Amino acid sequence: MATNTPAPALDAHAKPPASLKTFYKRLQRADKHDLARRPDMVDCDSTAETFSPHLVRRCELPGVSLPSELSTVFAAFTGEAHEGVEAPVVYELLDVPGLYIYPALLPRKVQTALLHQLLHRHLSDPRHQTNVHLHYHVPYPPAHAQTGEAASFFDASARHLDFKPKASPHRPFTTRSLLDRKLRWMTLGGQYDWTSKTYPSYPSPPPFPADIKILIESLFPMKAEAAIANVYSPGETLSVHRDVSEQCARPLVSLSLGCEAIFVIGVGDDEAETAETAETAETAETAETAETAETEGGRGVGRMVAVRLRSGDAVLMSGPARYAWHGVPRVVGGSCPEWLAGWPGGGEGVGGGWMGGKRVNLNVRQMFD
Ligand SMILES: O=C(O)CCC(=O)C(=O)O
Ligand SMILES: [Fe+2]
């Protein structure tokens, strides 16, 4: 687990290794049924016990571990009592040291409370940038008459909002398109600039939302200072990258909600030519393993793993995994748990059943030591 080690100086604009890109493309194109059968797929579904024992092992829990502590944390977040919370199960990938997976960490009520906060509250806060702000003037739903609180884009009052482009060739659209297709990310706290790949200090960023900050910091060994809420529909992807713009090496936390995703990660970039990697390549039995020997400009990714992430799962990227190359080649259609697929309910707004076709990932970072 990384402590106060400084962030390594890594080029935010570096190109990902060809080997991981090839692995990513293979998973992007794989038949849905083959995906489930792949021997290299790490599946930590703790209820079905289908995890891959040769890749994953139980380990010491980084962060909170007692059920009573967890119940308190969840109750504080949702405002409701949480009975019967079990001690979380945690796996560390043997092939990717420092990558921890907590299957089904978040109870249902926490998942819906988190979605509520992200999509009903924080999306309606003009201080939180989204991908849409880059090219559009973003109109906001009128505040609730009684409470004065910002209304949600999912409310009936937001149905007829017009999103006008700042310049051509972008075309105007309405709230339904925002929610169905256009919204891909929103930033909380430190407002990440994807072009410069920095967190600009001016204008000063909005405070990180307090409730989510307490939730994250109670569960994981890091400070929640900046986050990206990624929104995916099946077929949408996140290309291979590494998150290197933070100025400290503290762990990064990722929470998954809604449809399942395939997450790929590779480590050993800089030490790809170690004896261990060379041995893996020599004894490779499958094409995928053989790819670990591929290099780009003399460099490749030593070990690559695909992980199936489900609603309620958390991932902690720490130590050697903190700056690993990773991406999301796949969001699996029709895989949102039934109990969540109807969120946020019918009503007169535009989003009834929205989650059935979405995956939301909250990716939380500490920027400074
Ligand atoms: O969606 C995910 O699981 C990963 C997101 C991610 O890597 C990022 O936001 O940097
Ligand atoms: Fe990332």
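Helices, of at least four residues, and strands, of at least two, are DSSP runs numbered from the N terminus.

**Figure 1. Overview of the predicted model.** On that basis, the protein has nine helices and 16 strands. Its chain comprises 369 residues, of which 41% count as buried. Among the contacts between residues at least 6 apart in sequence, 77% join residues at least 24 apart. The views that follow show a pair of helices, one residue from each of these helices, two open sheets and the surroundings of ligand 1.

**Figure 2. The crossing of helix H3 and helix H4.** Two packed helices are described by the angle between their axes and the distance between the axes. Here helix H3 spans residues 67–78 and helix H4 spans residues 108–121. Their axes come within 9 Å and cross at roughly 35°, and the crossing is left-handed. On the side of H3, the contact is made by Phe74, Phe77 and Thr78; H4 contributes Lys109, Val110 and Ala113. By class, the residues of this contact divide into four nonpolar, one polar and one charged.

**Figure 3. The surroundings of Leu70 in helix H3.** Leu70 has 21 other C-beta atoms within 10 Å and is therefore buried, the threshold for that class being 20 or more. When its neighbours within four places in sequence are left aside, Leu70 is in contact with Val64, Val85 and Pro88. The view also includes Leu219, which is 149 residues from Leu70 in sequence. In space, the C-alpha atoms of Leu70 and Leu219 are 7.8 Å apart.

**Figure 4. The surroundings of Gln117 in helix H4.** Gln117 has 19 other C-beta atoms within 10 Å and is therefore partly exposed, since a buried residue needs 20 or more and an exposed one has 12 or fewer. Leaving aside neighbours within four places in sequence, the contacts of Gln117 are with His122, Pro209, Asp211 and Ile212. Of Gln117 and Pro209 it may be added that they lie 92 residues apart along the chain, with their C-alpha atoms separated by 9.1 Å.

**Figure 5. The open sheet of three strands, E5-E6-E7.** The pairing in this sheet is antiparallel. Strand E5 (136–137) and strand E7 (173–174) are the edge strands, each pairing on one side only. Two bridges join E5 to strand E6 (residues 162–165) in the antiparallel sense. Along this pair, Tyr136 stands opposite Pro165 of E6, and His137 has Lys164 of E6 as its bridge partner. The pairing of E6 with E7 is likewise antiparallel and extends over two bridges. Asp162 is placed opposite Thr174 in E7.

**Figure 6. The open sheet of five strands and helix H1.** The strands follow the order E1-E13-E12-E15-E10, and their pairing is mixed. Strand E1 (41–43) and strand E10 (238–241) each have a single partner strand, so one side of each is left without a neighbour in the sheet. On average, neighbouring strands of the sheet are turned by 25° against each other, direction ignored. E12 and E15 run antiparallel and are joined by five bridges; in this pair, Gly266 stands opposite Trp325 of E15. Helix H1 (residues 18–29) packs on the sheet and touches E10, E12, strand E13 (303–309) and E15. The direction of H1 makes about 15° with that of E15.

**Figure 7. The residue shell around ligand 1.** The shell consists of Ile228, Asn230, Leu238, Asp243, Ser254, Ala261, Phe263, His326, Val328, Asn361 and Asn363. At least two of these residues are supplied by each of strand E9 (226–232), strand E12 (261–267), strand E15 (325–331) and strand E16 (359–365). E12 and E15 also appear in the sheet of Figure 6. By class, the shell has five nonpolar, five polar and one charged residues.

How values were computed: Residues numbered from 1 in each chain as written. Chains lettered and ligands numbered in written order. Predicted model: local features only at pLDDT ≥ 70, side-chain atom pairs only at ≥ 80, totals over all residues. Axes fitted to C-alpha atoms, helices over the stretch in contact; angles between N-to-C directions. Left-handed = near helix turned anticlockwise from the far one by under 90°. Contact = placed C-beta atoms within 7 Å. Nonpolar A, V, L, I, M, F, W, Y, C, P; charged D, E, K, R; others polar. Near = placed C-beta within 6 Å. Pairing = 2+ DSSP bridges.
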